[in-house]
Amino acid sequence: MRSNVVARLSRGAVALALGLCLILGSMGTGPSALAEGPVSVSSGAVFYGYVLADGQGGLAERVRALSVSGAVCGTAEVIRLSDEAGYYAVSVASSAQKRGCPSAGGLVQFALLAGRVDDGVWAGEVATLTDGGAPVALNLQPAAYVTGHWLGPSGDITRDFWLRWAGPSVPLRDALVSLPLPVSEVYYLDAAAGQFLLATPSTDATLASGDLVLVRFR
């Protein structure tokens with residue numbers, strides 16, 4: 001379904017939308033609207049692409065980029081192309097520009113907002129900040145339930161899969177039991193260390209709602 005929607009959107013509409021998004025971003029319409037200050041593209045990164053509607057036909061109005069610690073590192077308007085999809089281009093600040101934002105190689109997560117005061121829903125996709133590099137194409141859609149309380153990108157499960165815990169706080173080992181495939185490795189965010197660590201049989205970690213985990217399936 002997702003690929004069919006993308007294929008139906010015209011190249012002309014995409015080019016126009018990207019140009020408008022970049023113009024709006026240079027004027028500070030995105031991040032500055034939340035008093036975050038303008039973002040310099042040269043020392044951060046730009047992500048752009050389609051935003052797809054959820055299963056009920058709801059389409060986000062804004063895209064917010066956040067670090068794994070929850071710092072807001074960029075916000076952009078979604079330009080509606082149809083009832084099924086819109087287009088965005090968001091400038092994401094690096095740690096050199098804003099405290100709490102990722103450095104090069106750090107993780108960026110995205111929230112899809114229905115309005116300016118909406119907390120939004122998580123997108124299923126995450127990305128890596130490439131400081132000062134070329135704009136990165138990344139299509140976004142609301143995260144879907146993979147199984148139980150796990151959220152992730154919709155579609156086939158690949159070997160390396162980012163999952164987000166959406167249930168009550170539980171031990172990591174208990175949450176992993178509900179996954180549908182055998183797991184070879186799991187990396188979880190250690191808040192104290194500020195980095196993702198490899199889980200072992202003796203790992204005493206607790207997952208809270210919203211926590212990200214990188215799972216490698218066999």
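**Reading hairpins, cavities and ring pairs**

Biologist: In the hairpin of β9 and β10, which residue takes a positive phi near 55°?

Modeller: Gly 148 does, in a hairpin with 2 residues between the strands. Strands here are DSSP runs of E with at least two residues, helices are runs of H or I with at least four, and both are numbered from the N terminus. The model is predicted, with pLDDT of at least 70 needed for local features and 80 or more for side-chain atom pairs, while totals for chains, interfaces and linings use all residues. Residue numbers start from 1 along each chain as its sequence is written, and side-chain values use heavy atoms, without hydrogens or water.

Biologist: How many bridges join β9 to β10?

Modeller: Strands pair if DSSP finds at least two bridges between them. Strand β9 (residues 144–147) runs antiparallel to β10, and 3 bridges join them. Ala 144 has Gly 152 in β10 as its bridge partner.

Biologist: What lies on the other side of the pairing list for β10, that is, how does β10 pair with β11?

Modeller: β10 and β11 are antiparallel, over 2 bridges, and Trp 150 is partnered by Trp 165 in β11. β11 also runs antiparallel to strand β16 (residues 212–217), with 5 bridges. There, Phe 161 faces Val 215 of β16 across the pairing.

Biologist: How do I read a cavity, and how many of 30 Å³ or more does the structure hold?

Modeller: Rolling a probe the size of a water molecule over the atoms shows where empty space is left. On a 1 Å grid over the protein atoms alone, a cavity is a set of points where a 1.4 Å probe fits but cannot get out; a pocket is an open set with protein on both sides within 12 Å along at least five of seven lines; lining residues have an atom within 4 Å of a point. Points are joined across faces, edges and corners, and a volume is the space filled by probe spheres set on them. The structure holds 2 cavities of 30 Å³ or more, and the second largest has a volume of about 40 Å³.

Biologist: Which elements give two or more residues to the lining of the second largest cavity?

Modeller: They are β7 (121–128), β10 (150–152) and β11 (160–165). Among the lining residues are Gly 152, Trp 162, Arg 164 and Leu 212. The lining has 7 nonpolar, 2 polar and 1 charged residues (nonpolar: Ala, Val, Leu, Ile, Met, Phe, Trp, Tyr, Cys, Pro; charged: Asp, Glu, Lys, Arg; polar: the others, Gly among them).

Biologist: And the largest pocket: what is its volume?

Modeller: About 230 Å³. Its lining counts 16 residues, and Val 68, Ser 69, Leu 189, Gly 194 and Gln 195 lie nearest the centre. β13 (183–190) and β14 (195–198) are the elements that give two or more residues to this lining. By class the lining of the largest pocket has 7 nonpolar, 8 polar and 1 charged residues.

Biologist: How do β13 and β14 pair?

Modeller: In the antiparallel sense, over 4 bridges; Leu 189 is partnered by Phe 196 in β14. The two strands form a hairpin with 4 residues between them, and Gly 194 in the turn has a positive phi of about 70°.

Biologist: How is an aromatic pair described, and how many are counted?

Modeller: A pair of aromatic rings is described by the distance of the centres and the angle of the planes. Rings of Phe, Tyr and Trp (its six-membered ring) pair if their centres lie within 6.5 Å; planes under 30 degrees apart are stacked, over 60 edge-to-face, and the rest tilted. The count is 5 aromatic pairs. One of them, Phe 47 with Phe 110, is edge-to-face, at 5.6 Å centre to centre and 75° between the planes. Phe 47 lies in strand β1 (residues 45–52) and Phe 110 in strand β6 (residues 107–113), so this pair ties together parts 63 residues apart in sequence.
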